[in-house]
Amino acid sequence: MKNSIKNILTIVSVLTFSISFAQNIEGVVTTNQNIPLEAANVVIKGTTSNTISDSNGKFTLDTKGKLPLTLLVQYVGYKTAEIEITSLPIPSLQINLTEENALVEVVVSSRRRIEKVQDVPIAISVITGKQAEQTGAFNVNRIKELVPSVQLYSSNPRNTGINIRSLGSPFGLTNDGIDPGVGFYVNGVYYARPAATTLDFIDIEQIEVLRGPQGSLFGKNTTSGAFNITTRKPSFTSGADFEVSYGNYNFLQAKASVTGALSSKIASRISFSGTQRDGLIDNVATGRPTNTLNNQGIRGQLLYTPSERTNIILAADITTQRPDGYAQVVAGVAPTQRAAYRQFDAIIADLNYQLPSLNAFDRKIDHDTPWRSGQDMGGISLNVDTKIGNGTLTATTAWRFWNWDPSNDRDFTGLQVLAKSQNPTRQTQITQEVRYAGQLTSKLSGVVGVFFIDQTSQTDGTEESGNAQWRFAQSTTSNLWKTPGLFEGYGIKTDARIRASSAAVFGQLDWAITERLHVLPGIRYNFDKKDADYNRTTYGGLQTNDPALIALKKLVYTDQSFSSNTDDTDFSGNITVSFKATDKINAYATFAKSYKPVGVNVAGLPTLAGQPILELAVIKPEEVNHYEIGVKTSPFKNSIFNLTFFNTDIKDFQTNVQAAELGVNRGYLANADKVQVKGVELDASFVISKHLTINGAATYTDGKYVKFTNAPLPLEETGAAVSFKDVSGTALPGASKWAGSLGGELSDNAKFFGNAGKIFIAVDSYARSEFSSSPSASKYLVVQGYALFNARLGFRATDGLSVQFWGRNLLDKDYYEQLLPAGGNTGQYAGVLGDQRTYGITLKYSL
């Protein structure tokens, strides 16, 4: 991190920002209602030059002979305005200030145009970059505490799933052969790997979370919603932000962002983020803590403006993670229906082993296989925006990569059961999107586009048995299982490859029948092709010609190979009717027919009579019917109260299940006949006064399998006479009935080291009810509900020094984020632990 910061400072030193002029700036400061504001503070950003407006709102300011520059216009109770000045004189410079926390004025770009969020007929939550910084939400896992409709589950970056309304990714283990149902976009570029959601944000401007299918607005089809993230763009006016945080467990986070003009038509921005933290779990075997943080990321951008109508941005980024982490702690032991000698407690007793603690929240492990979760992600993109007629043509070209280098201890013990469990992956993608958005006629506006993605993923995995494998795998009372060295070093090498291509044409119209009544039809046509090859070969262990010993080895691992080639087309669409009853009430109703493309298994197949069940190599696409009714209101000044009712029916729901047999590493894909998720969402924000703001969100979700007759057995039924179970009517994994967030901030004007700003104290809370943590509901794999409380206090300023003291999980609540069984389903299950109480200080300097 230190070298990265040094590089940032070096770049700062070579940026040149000024052009000389010798003229004054004159203007008027008013409210949005054109009421003059007396004594507004007008400052040239990065300097001490300032003045105040008179009783008519007028001001005059000496430029000190330097252009371009940025004016900061500040007034108590109003948002600070930043005005870029590139040439003089400026006739009739009028600066309208918006009241601070004017909630209804928040704008979004989700429909490919700038519009107020309360006017958009989509359930959408908006988090500004400042809000994310202030609440410590530096990745998606923190964002879920602000937007309770979002769920993120991660046992490591690869096995990460992001859901909206409990839909999107199969719960638990990841399979490269299916597409995520939640789109993740950064500056218009689609990120295909869900691991991106575990990385730190870099210099975020705004995060828009759209709920429900969005296939007619975004390049990649999304059945459950989308994250539309924008970063801060280069500016022709010089500016810089530097931030550093320090907390307990040696938490250290540094951020920097520098921008400015390189010429009259080219501007640049370079941004850096780095996070480090000691481990939160003690490994008594190694004597050092594990589950550390070690993330670094950098993003560079060049903005070229050949004309007033065209912007071209070339961007590149790379992020690395090198934690000693993502270790899970044994959370309990479930009795299975296997014979007594095959129960976990009997197995470890025979091996003279004891767990380091029977309480997961002692946070102690004795894992003998090192945990490693290294990943690199990055890419380069070119975005061209040019105004044509009454709209904008946008072309976005991008290449991205993801490298994953793991090591896991999948038995979660200090025994050498699985000596190795690692599946390193290399993924690359190329995307191209071209779209036109704008006003077509006086009554019609909309967006139309084409999208293409081609991605390849290659996994070269290893899973290897240790000297305790024989006892965990033992399935008969034969003494042959004790044959010395039979399983030690016995494992599988896996070569799994998939190439997935997708092309689409999409569009949505907005037909203004009247000023208040709009009809919005949308369509999408998609072609998907997936080619997969899977090859697994056994190696090692005792070399023998004894058929009985060979048969025992094959009960643990067998060779397996298959290929699948499939393609599919789909036509989908949606229609929305929006009615703005008054300026403060906007109601809408939506029906969407969506889909998730065909899936292929590239993580091994279950076997029958020793042979892979090939009909499971390809699984059916999901068919989605979605209904939604919503109303967005502003009951009084500076307030928002939005309500949404939704119902989603899915046929052939794509789910990921974990097999009881060890050889099916990481589980396999299957279709559930039918799934239904319905519920209600509430979003509310109120500015009680210029000193007090309150915001909250809540969601009720009823997610269940309507029909799933061949589901895998839950953990406690492993060993039963049947292999599958009818779980129709049971709850979907990961779906809490209730979830919500509530927060507030109390602030007042103050000065700190001569800088005008606000002193504040804020409290945020997040809670969710219990949820199933297993594809088939298990009474042992239920995560209990929990509530978290965070707080912060300090001083913040637009320009100069800001300071903040913060604390997270202040009540030091013990809670699980996920529960998962060990490989082989021998009874023990582990937990992904939520962080204990953390606290620290953040210093930020802006100029």
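**Entry 1: Gln343**

Buried, in these notes, means under 20% relative accessible area. I am working from a predicted model, and I began with Gln343. Its relative accessible area is 15%, so I can call Gln343 buried. I found Gln343 in the loop between β26 (329-333) and α4 (344-350).

What does the side chain of Gln343 reach? I traced it to the backbone nitrogen of Thr336, at 3.0 Å. Then I listed the contacts of Gln343, leaving aside neighbours within four places in sequence: Ala334, Pro335, Thr336, Arg338 and Thr826. Thr336 thus turns up as a contact and as the residue whose backbone nitrogen the side chain reaches.

**Entry 2: helix α6**

Next I looked at α6, residues 547-556. Which of its residues are buried? I noted Leu549, Leu552, Lys553 and Val556. Looking down the axis of α6, I see these buried residues within an arc of 100 degrees, so they line one face of the helix. A reminder to myself: an α-helix has 3.6 residues a turn, so residues three or four places apart point the same way.

On the other side of α6, I marked Pro547, Lys554 and Leu555 as exposed. I also asked what covers the buried residues, and the cover includes β32 (444-465) and α5 (469-473). At the N-terminal end of α6, I found Asp546 acting as the cap. One of its side-chain oxygens lies 2.9 Å from the backbone nitrogen of Ala548.

**Entry 3: salt bridges**

How many salt bridges does the whole structure hold? My search gave 36, and I followed up a few of them.

Asp203 and Arg232 meet through their side chains at 2.7 Å, N to O. Asp203 sits in the loop between β16 (189-190) and β17 (204-211), and Arg232 in the loop between β18 (225-231) and β19 (239-247), so this pair ties together parts that are 29 residues apart in sequence. I checked the accessibility of both partners: Asp203 is buried at 14%, whereas Arg232 is partly exposed at 22%.

I went on to Arg211 and Glu681, whose closest N and O atoms are 2.9 Å apart in a salt bridge. This pair links distant parts of the chain, with Arg211 in strand β17 and Glu681 in strand β43 (residues 668-687), 470 residues apart. Are these partners buried or exposed? Arg211 is buried, with a relative accessible area of 3%, and Glu681 is buried too, at 1%.

I also looked up Arg497 and Asp495, which form a salt bridge at 3.0 Å between the closest N and O atoms. Arg497 counts as partly exposed at 38% relative accessibility, and Asp495 counts as partly exposed at 25%. Following shared partners, I then traced one network of salt bridges that joins Arg165, Arg211, Glu628, Glu681 and Asp683.

**Entry 4: a three-stranded sheet**

Last, I turned to an open sheet of three strands. What is the strand order? I read it as β23-β22-β27, with mixed pairing. I put down β23 (288-290) and β27 (364-365) as the edge strands, since each pairs on one side only. Between strand β22 (residues 281-283) and β27 I found two bridges, and these strands run parallel. For Asp282, I noted Lys364 in β27 as the bridge partner.

Technical notes: Residues are numbered from 1 along each chain as its sequence is written. This is a predicted model: local features need pLDDT of at least 70, side-chain atom pairs count only at pLDDT 80 or more; totals for chains, interfaces and linings use all residues. Side-chain values use heavy atoms; hydrogens and water are left out. Helices (H or I, at least four residues) and strands (E, at least two) are DSSP runs, numbered from the N terminus. Buried means under 20% relative accessible area, exposed over 50%, partly exposed in between (1.4 Å probe, protein chains only). A polar contact is a pair of N or O atoms within 3.5 Å; within protein, one must be able to donate a hydrogen and the other to accept it, and residues adjacent in sequence count only if both atoms are side-chain atoms. Contact means heavy atoms within 4.5 Å. The arc is that of the directions from the helix axis to the C-beta atoms. A salt bridge is a side-chain nitrogen of Lys or Arg within 4 Å of a carboxyl oxygen of Asp or Glu. Two strands pair if DSSP finds at least two bridges between them.
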